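I opened my notebook to look up a few local features. My entries follow below.

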Amino acid sequence: MAPGLPDRVDCAHLADDAVVLERVFPLESMPRLKDLLADGRGSVRARFAFAKLGSGRVGATVAVEATPQMVCQRCMQGFAFVAAGSSEIEFSSGPDAVASDELREVYEMKDGLVSLRELAEEELMLALPIVATHAPQFCDAAPTDLQVGEVKHISGDRTRPFTVLQDLLKKT
Ligand SMILES: [Zn+2]
């Protein structure tokens with residue numbers, strides 16, 4: 001992140017002007033990713049497009065791209081995983097808020113502010129597999145009878161991935 005750019009932003013203010021922000025964060029600045037990644041090399045490119053949703057509600061489209069180093073769970077070698085994802089967010093001021101549009105994920109503000117780094121981290125976590133494996137042709141330990149569909153995603157339930165993730169995090 002370039003010096004001088006604030007990480008916590010005023011969602012309502014940015015939505016008033018339909019501001020689009022682009023940021024790059026080092027992967028090592030994202031503590032919740034640590035256990036998933038082989039190391040902290042690389043960065044996340046994130047784009048936040050703020051918008052008014054009507055009746056005073058505020059939202060954003062959050063998109064991330066990154067190529068983190070993950071550990072193949074078959075051969076335990078590191079490899080570069082190409083990750084990309086995007087979500088439609090509706091910001092809420094309380095933990096029990098319900099999205100006005102069921103296609104949107106609710107994300108809680110603190111005093112009207114959100115951390116762009118935390119928002120990007122959450123979105124990237126959704127884009128990473130829980131069990132990472134090489135493509136079989138690149139993996140020394142790949143089974144000879146190729147099994148399809150082994151990569152499990154946190155975001156298996158795409159209807160409410162943020163809620164699912166937050167529930168998962170509460171249990172750990
Ligand atoms: Zn492998």
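I began with the sequence spacing of the residues that donate to the zinc ion, which reads C-x2-C-x58-H-x4-C. The model I am working from is predicted.

Next I looked up which protein atoms serve as donors of the zinc ion. I found SG of Cys 72, SG of Cys 75, ND1 of His 134 and SG of Cys 139. They lie 2.1 to 2.3 Å from the zinc ion.

What is the geometry of the site of the zinc ion? I noted angles of 102 to 118° among the 4 donor atoms. The site is tetrahedral, because all angles fall between 85 and 135 degrees.

Are His 134 and Cys 139 buried or exposed? The cut-off for buried is under 20% relative accessible area. His 134 has 12%, so I entered it as buried. Cys 139 has 8%, so Cys 139 is buried too.

Then I turned to backbone angles. Most residues other than glycine have a negative phi. I therefore wrote down two residues with a positive one.

Met 76 is not a glycine, yet its phi is positive, at about 65°. I placed Met 76 in the loop between strand 5 (69–71) and strand 6 (78–80). Its relative accessible area is 52%, so Met 76 is exposed.

Where is Asp 111 found? I located Asp 111 in the loop between strand 8 (105–108) and strand 9 (113–115). Its phi is positive, near 55°. Asp 111 counts as exposed because its relative accessibility is 80%, and the cut-off for exposed is over 50%.

Technical notes. Residues are numbered from 1 along each chain as its sequence is written. This is a predicted model: local features need pLDDT of at least 70, side-chain atom pairs count only at pLDDT 80 or more; totals for chains, interfaces and linings use all residues. Side-chain values use heavy atoms; hydrogens and water are left out. Donors are N, O and S atoms within 2.8 Å of the metal (3.2 Å for Na, K and Ca); water is not among the atoms, so sites may look incomplete. Four donors count as tetrahedral if all angles lie between 85 and 135 degrees; four count as square planar and six as octahedral if opposite donors are over 155 degrees apart and all others between 65 and 115; anything else is irregular. Buried means under 20% relative accessible area, exposed over 50%, partly exposed in between (1.4 Å probe, protein chains only). Helices (H or I, at least four residues) and strands (E, at least two) are DSSP runs, numbered from the N terminus.
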